[in-house]
Amino acid sequence: MTATARYIAPGRSTALLNAAIAGLTRLGVSVWGSRVLAVRGRTSGEWRTTPVNLLTVDGERYLVAPRGVTQWVRNIRVAGGGELHVGRRTEAITVTELADADKPAILREYLRRWKFEVGVFFDGVDASADDATLRAIAPGYPVFRVLPA
């Protein structure tokens, strides 16, 4: 890990909320763009799943890791892709990680859409922040462009 790698572990209430969102998404109910991301584990090779918010900006799709360098981030960096699930629909994907300089517009839109859910992980930064502020925090928030496999 680099010195800029940040990770915020989920608390008990977050784990319960994530389980509820994942359960609804598995039933085919996408809550505000939710998907269940499935990625092969980087050491085990076993499928690992987690609920994520799929963001669309100017026709491009993105995954943002508001908690920083999580297990799904580490796994997708190695695997290069995975699957997005909603109900019985499965989409194989590949991902490309964005450079920090390319993140401000995506982070702004992510905050605009999901601040009520993820704002606590952004230490007071919100969608009204200027590009310089968003560039300054960008290293702590992995962002991936999502493409069909």
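How far apart are the end C-alpha atoms of helix α3 (residues 104-118), and what would a straight helix reach? Select residues 104-118 in this predicted model, and you will find that the 15 residues of α3 place their end C-alpha atoms only 16 Å apart, short of the 21 Å that a straight helix would reach at 1.5 Å a residue. Centre the view next on R112, where α3 has a kink of about 60°.

Keeping α3 selected, colour its buried residues, which are P104, I106, L107, R108, Y110, L111, W114 and V118. To see what covers these buried residues, add the surrounding elements to the display, including strands β2 (47-57) and β3 (60-64), helix α4 (131-137) and strand β6 (143-148).

From there, move to D131, which has its place in helix α4. Show its side chain together with P104 and R108, since D131 touches both of them when residues up to four places away in sequence are not counted; P104 and R108 are themselves among the buried residues of α3. D131 counts as partly exposed because its relative accessibility is 36%, a value that lies between the limits of 20% for buried and 50% for exposed. If you then draw a C-alpha to C-alpha distance from D131 to G59, it should read 21 Å, for a pair 72 residues apart in sequence.

Finish by selecting L24, L27 and V29, which together make a nonpolar surface patch of about 290 Å². Of these, L24 is found in helix α1 (residues 12-26), and at 37% relative accessibility L24 counts as partly exposed.

Note on methods: Residues numbered from 1 in each chain as written. Predicted model: local features only at pLDDT ≥ 70, side-chain atom pairs only at ≥ 80, totals over all residues. Heavy atoms only, no water. Patch = residues over 30% accessible without salt bridge, like charges linked within 9 Å, V, L, I, M, F, W, Y side chains within 5 Å. Areas by Shrake-Rupley, 256 points an atom, 1.4 Å probe, with all protein chains shown as cover. Salt bridge = Lys/Arg side-chain N within 4 Å of Asp/Glu carboxyl O. Helix = DSSP H or I, 4+ residues; strand = E, 2+ residues; numbered from the N terminus. Buried < 20%, exposed > 50% of the residue type's maximum accessible area, 1.4 Å probe, protein only. Expected span 1.5 Å × (residues − 1). Bend = angle between axes of the 7 residues up to and from the residue. Contact = heavy atoms within 4.5 Å.
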